[in-house]
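Trainee: I would like to learn how structural labels get their justification. Could we go through a model together and ask what stands behind each word?

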Amino acid sequence: MSEHNVKLEWKRGSEQFTYDTYNRDHVLTFEGGAHVSASAAPAYRGNPALVNPEEGLVAALSSCHMLTFLAVAAKKRFIVDHYSDHAVGFLEKHHNGRLAITRVILRPRIEFSGPTLPNPTEIAELHERAHSGCFIANSVITEVTIESAP
């Protein structure tokens, strides 16, 4: 259906190449030309000022859910004015004993306007359809839950 290419570049930046000394910083270049500086998570000697793969996975899940939610809402003729999320991913031991992002909690806050506002049941249905249609959520074994606004 489609292909998605990312170029990754890394270069050794120190004389020695040991676990304690090698540089974790690298650059991801996306098809449209966007460059993202990335590194390992700080717990793995990475640069805390840069995006790490764990954060990237959580961001991809959050972004995909939002984009799918907006599409579903638009098709139902609900007008979305604002969407924000504070997503959290948990790096834990998986049932097989390996470390993984085992679960992600999405906390979307959505503002609607227009002549017809969705009720709480309809909002829950929009989230369910968004979750089931999200390409990234369908690609991982990570448990993804959505916490609704109170």
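Mentor: Happy to; we will take the sheets, the disulfide, the pocket and a few single residues in turn, keeping in mind that this is a predicted model.

Trainee: Let us begin with the sheet of order 5-6-8. Why is the pairing in this sheet called mixed?

Mentor: Look at the two pairings in turn. Strand 5 and strand 6 run antiparallel and are joined by 6 bridges, whereas strand 6 (residues 99-106) pairs with strand 8 in the parallel sense over 4 bridges. Two strands count as paired from at least two bridges. Both pairings meet that cut-off, with 6 bridges and 4 bridges, and the open sheet of 3 strands has mixed pairing.

Trainee: What makes strand 5 and strand 8 edge strands?

Mentor: Strand 5 (88-93) and strand 8 (143-146) each have a single partner strand, so one side of each has no neighbour in the sheet. Neighbouring strands here are turned by 20° against each other on average, direction ignored.

Trainee: Which residues in these strands are bridge partners of Ile105?

Mentor: Val88 has Ile105 as its bridge partner in strand 6, and Ile105 in turn has Thr145 as its bridge partner in strand 8. Another pair is Val104 with Val144 in strand 8.

Trainee: What lies between strand 5 and strand 6 in their hairpin?

Mentor: There are 5 residues between them, and Gly97 in the turn has a positive phi of about 90°.

Trainee: How do you know that strand 6 is mostly covered?

Mentor: A residue is buried under 20% relative accessible area. In strand 6, 6 of the 8 residues are buried, so "mostly covered" is a fair description. Helix 1 (residues 53-75) lies across strand 5, strand 6 and strand 8, and runs at about 35° to strand 6.

Trainee: Now the cysteines. Why is the pair Cys64 and Cys134 called a disulfide?

Mentor: The cut-off is sulfur atoms within 2.5 Å. The S to S distance from Cys64 to Cys134 is 2.5 Å, so the pair is called a disulfide. A search of the whole structure finds 1 disulfide.

Trainee: What does the pair tie together?

Mentor: Cys64 lies in helix 1 and Cys134 in the loop between helix 2 (120-133) and strand 8, so parts 70 residues apart in sequence are tied together. Both cysteines are buried.

Trainee: Is His65 buried or exposed, and how do you know?

Mentor: His65, which is in helix 1, has 1% relative accessibility. That value is under the 20% limit, so His65 counts as buried. Beyond its neighbours within four places in sequence, His65 is in contact with residues including Tyr83, Leu106, His127 and Cys134.

Trainee: What is the pairing in the sheet of order 1-2-3?

Mentor: The pairing is antiparallel in this open sheet of 3 strands. Strand 1 (6-9) and strand 3 (35-38) are the edge strands, each pairing on one side only. Strand 1 and strand 2 (residues 26-30) are joined by 4 bridges, and Lys7 stands opposite Thr29 in strand 2.

Trainee: Which element supplies the largest share of the lining of the largest pocket?

Mentor: Helix 1 does, with 7 residues. The lining has 20 residues, and Val6, Phe30, Gly56, Ala60 and Ile136 lie nearest the centre of the pocket. About 540 Å³ of space lies in this pocket.

Trainee: Last topic: the two arginines. What makes Arg45 partly exposed?

Mentor: Its relative accessible area is 47%. Partly exposed covers the range between the buried limit of 20% and the exposed limit of 50%, so Arg45 belongs there. Arg45 is in the loop between strand 3 and helix 1 and has a positive phi of about 70° although it is not a glycine.

Trainee: And why is Arg77 called exposed?

Mentor: Arg77 has 74% relative accessibility, which is over 50%, so the word is exposed. Arg77 is in the loop between helix 1 and strand 4 (79-84), and its phi is near 65°, a positive value in a residue other than glycine.

Methods:
Residues are numbered from 1 along each chain as its sequence is written. This is a predicted model: local features need pLDDT of at least 70, side-chain atom pairs count only at pLDDT 80 or more; totals for chains, interfaces and linings use all residues. Side-chain values use heavy atoms; hydrogens and water are left out. Helices (H or I, at least four residues) and strands (E, at least two) are DSSP runs, numbered from the N terminus. Axes are lines fitted to C-alpha atoms, for helices over the stretch in contact, and angles run from 0 to 180 degrees between N-to-C directions. Contact means heavy atoms within 4.5 Å. Buried means under 20% relative accessible area, exposed over 50%, partly exposed in between (1.4 Å probe, protein chains only). On a 1 Å grid over the protein atoms alone, a cavity is a set of points where a 1.4 Å probe fits but cannot get out, and a pocket is an open set with protein on both sides within 12 Å along at least five of seven lines; lining residues have an atom within 4 Å of a point. Grid points are joined across faces, edges and corners, and a volume is the space filled by probe spheres set on the points.
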